[in-house]
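Subject: A structure for you to look at

Hi,

Here is the structure I promised to pass on. Have a look at it first, then read my notes below with the viewer open.

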Amino acid sequence: MTRDVHDLPLSRTTTVGSLRIHALEAGLQWLDGGAMFGVVPKPLWERRIPADERNRIPLALRCLLVEAPNALVLVDTGIGNKEDEKFHEIYGVRNEGDPTRLEDAIRHAGFAPEDVDIVLDTHLHFDHAGGNTLRDPEGRIRPAFPHARYVVQEAELEFAKSRNERIRASYLEHNHAPITEAGLWDLVRGEAEVTEGVRVVPTPGHTPHHQSVLVTSDGETACFLADVCPTSAHLPLPWIMGYDLEPLVTLESKRALWGRALEERWLLVFEHDPVTPWGRLDSDADRPKLAEPA
Ligand SMILES: [Zn+2]
């Protein structure tokens, strides 16, 4: 089990058809295990991911770098470097690097932050969009990827700005407002092709306008699930986070995804799994679980 940020390799590479994709480890956070597993009793979930003395479990901050034919696409951006020590202590954030572990991982995969053409946000929670922007040594906050356009669902951006009492701890303005000010958003509505080989599909429930990302090439597909299924322990339909705003909607999003994933042999990519970056569903199992790697 992952206990330390250095337990995970900075980047791992695989292929989808003729495209290369890289799992980038942008660090770790530690969140309350009960909140991560909703109504699932602790004796069941702690067998999958053991908790620390504060009942917290380690979670990866995994992003995906896609070498699409016409663009280098970064999916989600981790937590970034703008939060203070108290924040890092509360959420157990470990993402130090140059300037964060995400940029280190991008370089480990053979690229530079300047090479990213498209930043694709699955949603705007701080642990997914926090690295959209960076605080520079002078204290100014600027877009972290100087040559990139940024993509999110239009309604997710509106929702993030609404900041009601239930959601405002998760949506921090400095992760999206500087992108708006710089005019860098390419907002999408519903299912959309972002660039050749990369599509977004709405997978609502965690937030009302959450999206997952499909990478397709030569008949093969990888799906970056994001928070519709944060870890491989969340594959069973009712294992849904307490954080989810509409858990019954999440349930149906998962049911639809698993049907397609089995039929088309998708590679599933887990953003928060503390050990396993990706895998395929076991087509012989009677409930959703990963097949043993071949
Ligand atoms: Zn989230």
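**What I found**

Let's start with Asp76, which sits in the loop between strand S4 (71–75) and H3. Keep in mind as you read that this is a predicted model. Most residues other than glycine have a negative phi, and most peptide bonds are trans. Asp76 has a positive phi, near 65°, although the residue is not a glycine. Is Asp76 buried or exposed? Its relative accessible area is 0%, so Asp76 is buried.

Now compare Asp218, in the loop between S12 and S13. Here too phi is positive in a residue other than glycine, with a value near 50°. Asp218, however, is exposed: its relative accessible area is 64%.

There is also a cis peptide bond to look up. You'll find it going from Asp98 to Pro99, with omega near -5°. Pro99 belongs to the loop between helix H3 (85–90) and helix H4 (101–108).

**The zinc site**

Which residues coordinate the zinc ion? They are His123 (through NE2), His125 (ND1), His206 (NE2) and Asp227 (OD), at 2.1 to 2.3 Å. Along the chain, these donors follow the spacing H-x1-H-x80-H-x20-D. His123 is in the loop between strand S5 (118–120) and helix H5 (126–129), while His206 is in the loop between strand S11 (198–202) and strand S12 (211–217), so this pair ties together parts that are 83 residues apart in sequence.

Why is the arrangement around the zinc ion called irregular? The four donor atoms subtend angles of 84 to 173°, whereas a tetrahedral site would need all angles between 85 and 135 degrees.

As for the surroundings, His123 and His206 are both buried. His125 is in the loop between S5 and H5. His125 counts as buried as well, because its relative accessibility is 9%. If you want to see what else is around there, try Gly78: its C-alpha atom is 9.5 Å from that of His125, with the two positions 47 residues apart along the chain.

**The sheet**

Next, follow the six strands that form an open sheet, in the order S10-S11-S12-S13-S14-S15, with mixed pairing. At the edges are strand S10 (192–195) and strand S15 (278–279), each of which pairs on one side only. Strands of a sheet pair through backbone hydrogen bonds, either parallel or antiparallel.

You can see both kinds here. S10 and S11 run antiparallel and are joined by three bridges; one residue to check is Glu193, whose bridge partner in S11 is Arg199. These two strands form a hairpin with two residues between them, and Gly197 in the turn has a positive phi of about 90°. For the parallel sense, go to strand S13 (residues 220–224) and strand S14 (residues 267–269), which pair over three bridges. There, Cys223 has Leu268 in S14 as its bridge partner.

**A cavity**

Last, how many cavities of 30 Å³ or more are there? The count comes to one, and the largest cavity has a volume of about 30 Å³. Its lining includes Asp227, Val228, Cys229, Trp239 and Lys254. Asp227 is thus worth a second look, as it appears both in this lining and among the residues that coordinate the zinc ion. By type, the lining residues divide into six nonpolar, two polar and three charged.

Enjoy exploring!

Definitions and conventions:
Residues are numbered from 1 along each chain as its sequence is written. This is a predicted model: local features need pLDDT of at least 70, side-chain atom pairs count only at pLDDT 80 or more; totals for chains, interfaces and linings use all residues. Side-chain values use heavy atoms; hydrogens and water are left out. Donors are N, O and S atoms within 2.8 Å of the metal (3.2 Å for Na, K and Ca); water is not among the atoms, so sites may look incomplete. Four donors count as tetrahedral if all angles lie between 85 and 135 degrees; four count as square planar and six as octahedral if opposite donors are over 155 degrees apart and all others between 65 and 115; anything else is irregular. Helices (H or I, at least four residues) and strands (E, at least two) are DSSP runs, numbered from the N terminus. Buried means under 20% relative accessible area, exposed over 50%, partly exposed in between (1.4 Å probe, protein chains only). Two strands pair if DSSP finds at least two bridges between them. On a 1 Å grid over the protein atoms alone, a cavity is a set of points where a 1.4 Å probe fits but cannot get out, and a pocket is an open set with protein on both sides within 12 Å along at least five of seven lines; lining residues have an atom within 4 Å of a point. Grid points are joined across faces, edges and corners, and a volume is the space filled by probe spheres set on the points. Ala, Val, Leu, Ile, Met, Phe, Trp, Tyr, Cys and Pro count as nonpolar, Asp, Glu, Lys and Arg as charged, and the others, Gly among them, as polar.
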